[in-house]
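Subject: Structure handover

Hi,

Here is the structure I said I would pass on. Have a look at it first, and then read my notes underneath.

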Amino acid sequence: MPAEPLVSPDIVSSIFYGAAVSDTLVLLVAEMVGGTARITWCNEGATQLLGYGLEDLRTLPVSALVPTLRGGEVKLLLRRERSARMNLPVRTASGALVEVVVLCTPSPSGRMWTLRLVPATNDSERALRATADAHERRFATLTERSPVPTLLSEQGMRLAHVNDAFCSLVGLQAEQLLGTGWMATVHPEDLDGVIEQVVAVLGGGDGEATARLVREDGTERTTVIRFAHLFTPGVGAGFVGTIEDITDRLAFEARLAHQANHDPLTGLPNRTLLAEHVAGRFTPGGSGLACLFLDLDNFKVVNDSLGHAAGDELLVEIADRLRSTVRPGDLVARFGGDEFVVVCEGVEEADAVTVAERIGAALAEPVRLGGVDVRPHASVGVTVQTDEHTAAEELIRDCDIAMYQAKAGGKGRITVLDQQARAEARDKLRLVAELRTAIERRDITLLYQPIFSTADRSSVAVESLARWEHAERGAISPATFVALAEESGLIGPLGLLVLDETCRQLAEWDAELGAAAPQRANVNVSALQLDGNLHPQVVAALARHRLHPSRLSIEITESALMKDPASARAVLTQLRDLGVQLAIDDFGTGYSSLAHLRHLPVDCLKVDRSFVAELGQGHTEIASAVIALAENLGLTTVAEGVETAEQAEQLAALGAGFLQGFSLAQPMTGERTAAWFAARAR
């Protein structure tokens with residue numbers, strides 16, 4: 001049933017009729033007509049006071065009625081948010097000015113205003129009204145046009161004034177807010193905190209409260225209300241409140257926090273949030289926490305064949321499928337690239353494998369990309385927390401290891417972490433950390449093996465050989481730690497160390513031995529160093545130790561050159577133009593194209609030790625072919641791994657230009673190498 005009206009229509013009609021015919025009550029109604037505020041209605045009292053005919057008054061501009069208000073000042077009278085009260089002279093039909101108090105009240109719609117004119121009867125009343133109007137104008141000047149929502153209480157909790165900015169903030173008119181009406185705009189859950197602050201401020205001092213304000217349309221704005229104590233003599237304690245709307249700022253900060261912890265492409269939690277999630281649920285010695293590490297198989301094929309946009313589309317689809325497949329409460333995160341992690345709580349190993357199988361089935365459903373049906377598959381590593389896990393990050397690291405075990409097993413597989421592989425992987429991680437420390441401390445040492453001319457057996461150069469003597473493990477093979485450096489991204493620092501130390505040692509030999517010093521040193525370079533940085537690094541090392549480029553020879557394996565012959569040729573050309581000599585190491589063990597070889601700017605081919613070893617069994621074919629090929633291309637040859645005098649004689653007979661091996665000279669420290677060369681010079 002509709003609610004009963006608070007006031008009956010008969011009473012409203014009676015009051016309206018009384019106001020309309022009263023000759024002591026002066027009422028006018030103003031509206032905006034064509035952009036101009038005009039009087040559109042008046043009662044009998046208005047026609048008598050102002051002397052206008054009824055029709056003349058109904059079209060009169062408000063500005064003509066109050067001539068002392070200029071331009072925009074009329075807007076101070078005709079406010080949409082609140083009533084206004086001014087002591088003004090109004091112009092009558094005869095042109096005379098009558099001093100009145102104008103009380104202007106906006107309608108609820110804000111489209112019209114009711115103006116009540118109260119004539120000032122004597123000087124005392126005019127003075128009092130002028131003082132009140134001055135206070136009103138002062139407040140209007142200070143706060144009404146301020147963008148800062150402001151409240152004013154002259155006594156207790158009751159408001160005496162609110163400015164337009166606060167009215168706009170809550171969507172209500174001033175009359176609805178004055179007194180204690182403003183408290184209805186405070187969210188019920190925050191009201192006690194606001195009242196507590198106001199009570200404290202009324203006792204002296206300042207206060208501040210964070211509160212949600214509920215607008216007329218039901219929406220909420222989060223604000224900070226700052227209260228300052230106000231005391232009015234003869235009235236009592238009150239406060240001034242200023243409001244800062246922080247809703248948009250909080251939303252922006254929330255977006256920034258979300259972006260910091262979520263992947264922008266898929267919207268999934270990122271690695272940072274993943275780590276926090278696992279850490280928050282990990283208890284040493286606990287159980288039931290599982291991590292599934294997924295890596296998409298052949299994702300690069302999608303990027304290369306269909307483009308990166310298709311690859312991104314696939315990643316978004318995978319993220320959606322993962323969200324819809326896992327259990328409620330499970331976390332799905334994007335670890336990076338095409339890698340995802342699922343975290344489950346309260347599961348055993350069999351349960352985690354079941355989740356992984358369900359994920360694998362969901363991912364295998366075809367997805368249309370660029371007009372092609374693609375069936376995604378993933379390698380999944382599964383790890384469930386055990387007593388051996390002492391930290392949350394170990395759990396994530398172990399499922400990563402399990403994933404690589406799955407890939408090694410043939411892709412598209414689900415693999416539960418193998419404990420032996422876990423131990424090996426952890427040992428490998430420790431070794432990588434120790435290798436990094438060894439490089440930083442320059443604990444990687446160099447040995448130097450002389451290279452001899454077959455013509456007169458004179459030593460013409462040395463090859464720098466990196467060695468690592470581990471404090472606990474002993475000597476670690478270069479085959480082990482160089483490969484480890486390449487896998488872990490340490491090959492750059494390791495290569496720079498070898499290059500710089502070789503140049504330093506050459507300069508030291510020059511100072512010590514003079515003309516008897518080795519004339520050239522060969523430095524091995526990894527395929528991962530064969531980029532645009534190699535040339536400036538060589539230039540810097542030579543300049544740092546004041547060496548001519550001819551003192552250096554760069555050795556690069558055949559397989560490294562053939563990974564990207566065009567790029568390799570560009571890097572080698574830069575070095576050759578610098579004056580550095582270039583050699584292809586382990587020649588014959590790779591699968592190089594002779595057409596590419598012919599165009600590479602190299603000076604020397606090094607015959608691999610495996611072909612030299614075959615000479616003892618009477619197999620000279622490959623060594624002979626390599627030496628002949630080098631001769632036809634105008635290149636010199638160095639035979640490596642010469643272990644016997646017979647091999648040396650055979651290689652010389654086959655036309656090899658230089659020899660290197662244990663039977664001729666073993667690798668030596670820099671100090672012993674200096675003594676060795678000094679002795680040969682004598």
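**What I found**

The mean pLDDT of the protein is 87 (pLDDT is the predictor's confidence in each residue, from 0 to 100), and 93% of the residues reach 70 or more. This is a predicted model, so to speak of a local feature I need pLDDT of at least 70, and side-chain atom pairs count only at pLDDT 80 or more, while totals for chains, interfaces and linings use all residues. Residues are numbered from 1 along each chain as its sequence is written, and side-chain values use heavy atoms, with hydrogens and water left out.

Among the elements, strand β18 (residues 445–453) has the highest mean pLDDT, 96, and helix α6 (residues 123–144) the lowest, 57. Where pLDDT is low, the predicted coordinates should not be read in detail. Helices (H or I, at least four residues) and strands (E, at least two) are DSSP runs, numbered from the N terminus.

**The antiparallel sheet**

Five strands make an open sheet in the order β2-β1-β5-β4-β3, with antiparallel pairing. Two strands count as paired if DSSP finds at least two bridges between them. The edges are β2 (36–42) and β3 (84–91); each has a single partner strand, so one side of each is left without a neighbour in the sheet. From one strand to the next the twist averages 35 degrees. For this and every other angle, axes are lines fitted to C-alpha atoms (for helices, over the stretch in contact), and angles run from 0 to 180 degrees between N-to-C directions.

Strand β1 (residues 26–33) runs antiparallel to β5 (residues 112–119), and six bridges join the two. V29 has T114 of β5 as its bridge partner, and L28 has L115 of β5. On the β2 side, β1 also pairs in the antiparallel sense over six bridges, and there L28 is partnered by C42. The β1–β2 hairpin has two residues between the strands, and G34 takes a positive phi near 60 degrees in it.

**The mixed sheet and its helices**

Another open sheet has five strands in the order β12-β13-β11-β16-β17, and here the pairing is mixed. Its edge strands, each pairing on one side only, are β12 (331–336) and β17 (414–416). Neighbouring strands are turned by 20 degrees against each other on average, direction ignored. Strands β11 (residues 290–296) and β16 (residues 378–384) pair in the antiparallel sense over seven bridges, with L294 opposite V380 of β16.

Helix α13 packs on this sheet, touching β11, β12 and β13 (339–344), and its direction makes about 10 degrees with that of β13. Contact means heavy atoms within 4.5 Å. Helix α15 (residues 392–408) lies across β11, β12, β13, β16 and β17, running at about 140 degrees to β16.

One residue to click on is A378, found in strand β16. A378 is buried, at a relative accessible area of 12% (buried means under 20%, exposed over 50%, partly exposed in between, with a 1.4 Å probe and protein chains only). Not counting residues up to four places away in sequence, A378 touches L294, D295, L296, D297, L363, G412 and R413.

**Helix pairs**

Helices α12 (residues 299–306) and α13 (residues 308–325) pack at an angle of about 140 degrees, with their axes 6 Å apart. That makes α12 oblique to α13 (under 35 degrees counts as roughly parallel, over 145 as roughly antiparallel, 65 to 115 as roughly perpendicular and the rest as oblique). From α12, F299, V302, N303 and L306 meet H308, A310, G311, L314 and L315 of α13.

Helices α16 (residues 419–440) and α17 (residues 478–488) have axes 10 Å apart and an angle of about 90 degrees, and are therefore roughly perpendicular to each other. K428, L431, V432 and L435 of α16 make the contact with F481, L484, A485, E487 and S488 of α17.

**A parallel stretch**

Five of the seven residues of strand β23 (residues 581–587) are buried, so β23 is largely enclosed by the rest of the structure. Strand β22 (residues 552–557) pairs with β23 in the parallel sense over five bridges, and I556 stands opposite I584. Strand β24 (residues 604–607) also runs parallel to β23, joined by three bridges; there the partner of I584 is L605.

Cheers
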